[in-house]
Amino acid sequence: MPFQFINNKMELIKNLKWRYAVKKYSEKKVSEDKVDQIVEAINLTASSCGIQPYRLFVITNPEVRKRLGEGSFNAQLHASSHLLVFAGFNEITSEYIFDYVEMMEDQRNLEKGALNELKDMLIEYFSVQTPGQNVIWSDKQAYIGLGTALIAAAELKVDATPMEGFDPKLFNEVLGLSEKGLHASVILSLGYRDEANDFLASMPKARLPINEFSFRIS
Ligand SMILES: Cc1cc2nc3c(=O)[nH]c(=O)nc-3n(C[C@H](O)[C@H](O)[C@H](O)COP(=O)(O)O)c2cc1C
């Protein structure tokens, strides 16, 4: 059975009500098996054109994390079990598209060249985009990965905090992202909530009533 249902509701709804953006973490570490599952879920996330224009960095090194957290109001940057950095591509190059489409052919047991039309179409499309457009597009795809990570973490009962409150220039420098043609798009801490000391742990969720948020046009 692909989904578990409780009282006719998918278990996921319960897990999404359980999760919140944790401000204060306990010392407890997330197992590598759970982190691996979250990473796998992110890798399985859909992306526009299917070419995954971002990479993920999983950081535990305390010195690196301390440096990354300099000047940020988000203590979760260093005071949590793991830090995930979603790093978007600065540019979508023809070489990247070429290699990715070749990999697709391979993984789908297609003849070499079977996806030439797709390849040419993508190369042409991205050749007329500005670097700024590439960055915005890559960031959008990275944020979809972030959404998956939040859901995967909730399913595993791992706490997580999505964050934009960080210094992207510092991240690019400390992680050497620019040399890799990447930039820090958004980040996510993983860990376990410090229930007694996190003021948000006992707060009810604040969300719009469904009928103010969602509209049906039948
Ligand atoms: C893209 C994004 C960036 C966020 N940046 C931060 C941040 O820098 N620091 C922080 O404590 N929370 C951050 N949050 C958490 C939001 O404030 C939180 O998700 C929102 O208030 C809804 O609450 P909930 O996630 O606890 O249900 C961010 C959330 C998202 C989705």
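A good place to start is Asn74, where a polar side-chain atom sits 2.9 Å from a nitrogen atom of the ligand. Keep in mind as you look around that this is a predicted model. Two further polar approaches involve oxygen atoms of the ligand. For Arg19, an N or O atom of the side chain comes to 2.7 Å from a ligand oxygen. Gly165 uses its backbone instead: an N or O atom there is 2.9 Å from an oxygen atom of the ligand. As for coverage, the ligand on its own would expose 620 Å², and the protein buries 66% of that area.

Now step back to the whole shell. The ligand is surrounded by 14 residues, and Arg19, Ala21, Lys23, Lys205 and Arg207 are the closest of them. By character, the shell is made up of six nonpolar, three polar and five charged residues.

From here, let's turn to the layout of the chain. The domain assignment splits the protein into domain 1, which is written as two segments, 14-89 and 130-213, and domain 2, which covers 93-128. Between the C-alpha centres of the two domains there is a distance of 30 Å. Where the domains touch, domain 1 supplies ten residues and domain 2 supplies six.

What do domain 1 and domain 2 bury between them? The area comes to about 730 Å², with 64% of it on carbon and sulfur atoms. Polar contacts also link the two sides: five residue pairs are counted between domain 1 and domain 2, with both residues at pLDDT 80 or more. Salt bridges, on the other hand, number zero between domain 1 and domain 2.

Note on methods:
Residues are numbered from 1 along each chain as its sequence is written. This is a predicted model: local features need pLDDT of at least 70, side-chain atom pairs count only at pLDDT 80 or more; totals for chains, interfaces and linings use all residues. Side-chain values use heavy atoms; hydrogens and water are left out. A residue is near a molecule or strand if one of its heavy atoms lies within 4 Å of it. A polar contact is a pair of N or O atoms within 3.5 Å; within protein, one must be able to donate a hydrogen and the other to accept it, and residues adjacent in sequence count only if both atoms are side-chain atoms. Accessible areas come from the Shrake-Rupley method with a 1.4 Å probe; for residues, only the protein chains shown count as cover. Ala, Val, Leu, Ile, Met, Phe, Trp, Tyr, Cys and Pro count as nonpolar, Asp, Glu, Lys and Arg as charged, and the others, Gly among them, as polar. Domain bounds come from an automatic or database domain assignment. Contact means heavy atoms within 4.5 Å. Buried area is the accessible area (1.4 Å probe) that two parts lose on being put together, summed over both. A salt bridge is a side-chain nitrogen of Lys or Arg within 4 Å of a carboxyl oxygen of Asp or Glu.
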